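Trainee: Please take me through one part of this model up close, from how its helices sit against each other to what lies around them. I'd like it slowly, with the reasoning spelled out.

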Amino acid sequence: MLSAPARTELGVALLRTMIRIRVLEEGIEKHFLAGDIPGFAHLSIGQEAVAAGVCANLRADDAIASTHRGHGHTLAKGTSMRAMVAELFARATGVCRGKGGSMHIADFSVGMLGANGVVAGGFGLVAGAALSAVQRKTDQVAVCFFGDGATNRGPFHENLNLCAIWNLPAIFVLENNRYASTTSTAETMKIADVSIRAAGYGIPATIVDGFDAFAVYDALAAATARARSGGGPTFVECKTFRARGHYIGDPERYRRKGEADDVMQSDDPIVRMQAGLGDALSPDAFERLWNDARDEFADAVAFARNSPAPERDEAFFGVFSGDRDPADPVHRIEARERDALVPFAPQVGSGSQGSGH
């Protein structure tokens, strides 16, 4: 149990993380619409309390796998704002050297195994990371972030079953934001609480208010302690909401006009945390958190704008593991294709659109 001062300190830290995510994502939205960011981008505005509350419990050597709505998870896990923005701007200084972009960003240095354009694609990564921790006899844990739509796909069931029977240190964090892509959860499920599915695999589950970063933090503290001590997987359902469309530019015809404004007016996780801290956080201190985040984002954009585009051969880096044998026929194909490449030039608006979170 944390003391009152320690609890306040934790609350300010969670608030700082949520504000950094909000500023980052509002900035991404602005620069995407201005044509600075190629590909597609999916925002998690409204869901900041989940990323902040979960990752505040994790160490750098713990693993997470994200969805394609993963900016908040990545920043909360420890990736620098500069490296993230440079990646989204498709620059060589990006955390994936400009090849991952918004939907495929990863940062192994902080245990972020990757955002994922495939719905439910993170479950196998987390099961593998958790199995690795057991085999190497460490106390690391692996956290899978996923949306409600992903729970209707096969990898969800296959990997929950494996993690349960092998008693792996995996934590499944559902961000139930009420919509799978452009479809309401009420239209695709006959259950209100998705977490009841965990019982079918013998995994304990809990439901938390996903707008309350303290509630998320406490649930993950228990799940993390259980996983580190050999207790096996836990399922945490966070009831939350995404305040933006499925992707930037989504006309949002599938939901009531004004719905997002109504939810954010009553449940904005940043406002809720500020109110919860009360007199422990002065208005000036609250404003400094916003100004610090805005300064950090402006610095990151300047860094990205002054960074070069990736070199042509960068397309092949990381594709194969280890040294290549020149006699290998694949190596000859690789060399031929590399010689035929034209200089890289990001195309604004190109790329594919993910679905299901």
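Mentor: Let's start with what a packing angle is. An axis here is a line fitted to C-alpha atoms, for a helix over the stretch in contact, and the angle runs from 0 to 180 degrees between N-to-C directions. Keep in mind that what you're looking at is a predicted model.

Now take helices H1 and H4. Their axes lie 12 Å apart and the packing angle is about 20 degrees. Angles under 35 degrees count as roughly parallel, and H1 and H4 are therefore roughly parallel to each other. H1 passes H4 in a right-handed crossing. On the H1 side the contact is made by Arg20, Leu24 and Ile28, and on the H4 side by Met81, Met84, Val85 and Leu88. Look at the spacing of those numbers with one rule in mind: an α-helix has 3.6 residues a turn, so residues three or four places apart point the same way.

H1, which spans residues 4-33, also leads us to H10, as H1 is among the elements that cover the buried residues of H10. H10 runs from 269 to 277, and its buried residues are Pro269, Ile270, Met273 and Leu277. They cover an arc of only 100 degrees around the axis, which is why they sit on the same side of H10. Besides H1, the cover over them includes H2 (48-55), H8 (213-228), H9 (259-267) and H11 (283-305).

Both ends of H10 have something to show. At its start, a side-chain oxygen of Asp268 comes to within 2.9 Å of the backbone nitrogen of Ile270. At the other end, H10 is followed by Gly278, with a positive phi near 55 degrees.

Two of the helices covering H10 deserve their own look. H9 has Glu259, Ala260, Val263 and Met264 as its buried residues. Their arc is only 120 degrees around the axis, so they too fall on the same side of their helix, H9. H1 turns up again here, because what covers these H9 residues includes H1 and the strand S4 (179-180), counting heavy atoms within 4.5 Å as contact. Turn to the face of H9 that points away from its buried side, and you find the exposed residues Asp261 and Gln265. H2 makes a nice counterpoint: 8 of its 8 residues are buried. They are Glu48, Ala49, Val50, Ala51, Ala52, Gly53, Val54 and Cys55.

Follow the chain back from H9 and you reach the loop between strand S7 (234-239) and H9, where Glu252 lies. Glu252 has a positive phi, near 55 degrees, and is not a glycine. At a relative accessible area of 25%, Glu252 is partly exposed, because buried would mean under 20% and exposed over 50%. S7 itself contains Thr234. Thr234 is buried at 8% relative accessible area. Leaving out residues up to four places away in sequence, Thr234 touches Ala170, Ile171, Phe172, Ile203, Pro204, Ala223 and Arg226.

Back to H4 and what follows it. The loop between H4 (81-88) and H5 (122-135) holds Arg97, another residue with a positive phi, about 60 degrees, that is not a glycine. With a relative accessibility of 36%, Arg97 counts as partly exposed.

H11, part of the cover over H10, leads on to Ser307, in the loop between H11 and H12 (329-340). Ser307 is buried, at a relative accessible area of 7%. The side chain of Ser307 reaches the backbone oxygen of Phe303 at 2.6 Å. Setting aside residues up to four places away in sequence, Ser307 touches Arg91 and Thr93.

For one more helix pair to set beside H1 and H4, try H5 and H6 (154-165). Their axes are 9 Å apart and the angle is about 15 degrees, so H5 and H6 are roughly parallel to each other. Here the crossing is left-handed. Phe123, Gly124 and Ala127 of H5 meet Pro155, Phe156, Asn159, Leu160 and Cys163 of H6.

Stepping back, the chain has 12 helices and 7 strands, and buried residues make up 52% of its 357 residues. Of the contacts between residues at least 6 apart in sequence, 76% join residues at least 24 apart.

Terms used:
Residues are numbered from 1 along each chain as its sequence is written. This is a predicted model: local features need pLDDT of at least 70, side-chain atom pairs count only at pLDDT 80 or more; totals for chains, interfaces and linings use all residues. Side-chain values use heavy atoms; hydrogens and water are left out. Buried means under 20% relative accessible area, exposed over 50%, partly exposed in between (1.4 Å probe, protein chains only). Helices (H or I, at least four residues) and strands (E, at least two) are DSSP runs, numbered from the N terminus. The arc is that of the directions from the helix axis to the C-beta atoms. A polar contact is a pair of N or O atoms within 3.5 Å; within protein, one must be able to donate a hydrogen and the other to accept it, and residues adjacent in sequence count only if both atoms are side-chain atoms. Angles under 35 degrees count as roughly parallel, over 145 as roughly antiparallel, 65 to 115 as roughly perpendicular and the rest as oblique. A crossing is left-handed if the near helix is turned anticlockwise from the far one by less than a right angle, and right-handed if clockwise.
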